Amino acid sequence: MLIRQTTGMGLSSFLSSVLLLDSVYSFVPSTEGCSFESKMAQCLLSKEIVEFESLDRRVFLDKVVFSTMGVCAFQLPANGMTTDKKTGIVMPDPGEIESAIPTDWSMIDNPFDGGETNSLFARLDAQPDSLFYADPRFVEHVDSNAVKSLTGYVSNEAIREGDSVLDLCSSWTSHFTPSSKKLDRLVGLGMNAKEMEANEALTEFVVQDLNTKPELPYKDQSFDTVLCQLSIDYLVYPLQVIKEAARVLKPGGKMHVLFSNRLFLSKAVGLWTGADDIDHAFFVGCYFYFSGGDFVDISARDLSTRKGKQITGDPLYAVTATKRR
């Protein structure tokens, strides 16, 4: 079941996650041998959790460690956020997503120095993804406004006439209308063959689980554009995948990562589940910068539909980067 991430609600209301700890400032009693419900209860009821509102979100990343469950429920402090009165979901104000990307990366420490096998990228459901994605899902995972924005961005901005395009984590739709532009090819790489067979935009596809094999089966400098739509939160090796994307991109080629706050909770990585959308944009920017893929011009855009300053419906964001020429 897809859920909306409820980051920004009270800790006891954030039932979709477990706990994010700071090893220096907080302590939670051992939950070894306890059931999932007991672990959740101990996490939520612990009196030793302290507030981190005084810590900058960038500094905070360098201090965190995750519980053995590998999922966080302790939200990072956010600036310029608005709470939807109907849903209680916290959304970024205009300009906040764009400002999440540092202007000077030399001032940013690598938050992934501990490697990608630690609990930052652990998930509640550690079973093989091939089981989870065995049955095709011919549905959109965001609402109609977000789909419209996604399709417009992919078709009109991300993809150019004559491009060779790689759609990572592909499915039954690439949010691209084949009649809008003539492409050299549009290649899908995803988890379900039946979904990709139904994708009329694809010229070819490969079934591959990037969480067991992050290496891409393509030659160097094969593509002009790489897309990753509504899936970055599920990758347990995002830096390796993005570095591979850089390898298969031509110099000057671009990668576009698009995401919302809708997700399959059990399959999302711990780093993602307890953070807000501003942090998500920052994380993806870090994926690009610290992947070793030689990406430049990293930027973020808020593509959400708004009524005044308020996001209406599902949000949509894009973080893009260019492979150095």
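Accessible area here means the Shrake-Rupley value with a 1.4 Å probe. By that reckoning the chain exposes about 14,600 Å², with carbon and sulfur atoms supplying 51% of it. Keep in mind that this is a predicted model.

**Whole chain**

Start zoomed out, with a cartoon view. You should find 8 helices and 15 strands. The chain has 325 residues, and 55% of them count as buried. If you switch on a contact map, look far off the diagonal: among contacts with a separation of 6 or more, 72% are between residues 24 or more positions apart.

**Strands E6, E7 and E8**

Now select strand E7, residues 185–190. Of its 6 residues, 5 are buried, so E7 is largely enclosed by the rest of the structure. On one pairing, E7 runs parallel to E6, and 6 bridges join the two. To see one of these, pick Ser164, whose bridge partner in E7 is Arg185. E7 also runs parallel to E8, this time through 4 bridges. Gly190 is a good place to look, since its partner in E8 is Val207.

Stay with E6 (residues 164–170) and click on Ser170, which belongs to that strand. Ser170 has a relative accessible area of 6%, and under 20% counts as buried, so Ser170 is buried. Show what surrounds Ser170: leaving aside residues up to four places away in sequence, it touches Gly188, Leu189, Gly190, Met191, Met196, Asn199 and Leu202.

**Salt bridges**

Next, colour the charged side chains. The structure holds 12 salt bridges, and three make good stops.

- Select Arg160 and Asp163: their closest N and O atoms are 3.4 Å apart. Arg160 is partly exposed at 43% relative accessible area, while Asp163 is buried at 4%.
- Select Asp220 and Arg247: this salt bridge spans 2.7 Å, N to O. Asp220 sits in the loop between strands E8 (204–207) and E9 (223–229), and Arg247 in helix H6 (residues 238–248), so the pair ties together parts that are 27 residues apart in sequence. Asp220 is exposed, with a relative accessible area of 52%, and Arg247 is partly exposed at 24%.
- Select Arg123, Asp125, Asp129 and Lys267 together: salt bridges that share partners join these four into one network. Within it, Arg123 and Asp129 have their closest N and O atoms 3.1 Å apart. Both Arg123 and Asp129 are buried.

**Nonpolar cores**

Hide the charges and turn to the nonpolar side chains. Which residues touch the most other members of the largest nonpolar core? They are Leu166, Ile232, Met255 and Phe288, out of 59 residues in that core. Highlight helix H8 (residues 277–290) as well, as it gives this core its largest share, 9 residues.

Centre the view on Phe288 and display its contacts. Not counting residues up to four places away in sequence, Phe288 touches Ile242, Met255, Val257, Phe295, Ile298, Val319, Thr320 and Ala321. Met255, one of the residues touched by Phe288, is also in the group with the most core neighbours.

For a last stop, find the separate core of 21 residues that lies apart from the largest one. Select Val147, Val165, Leu227 and Leu316, which are among its members.

Note on methods. Residues numbered from 1 in each chain as written. Predicted model: local features only at pLDDT ≥ 70, side-chain atom pairs only at ≥ 80, totals over all residues. Heavy atoms only, no water. Buried < 20%, exposed > 50% of the residue type's maximum accessible area, 1.4 Å probe, protein only. Contact = heavy atoms within 4.5 Å. Core = buried A, V, L, I, M, F, W, Y, C linked by side-chain atoms within 4.5 Å. Pairing = 2+ DSSP bridges.
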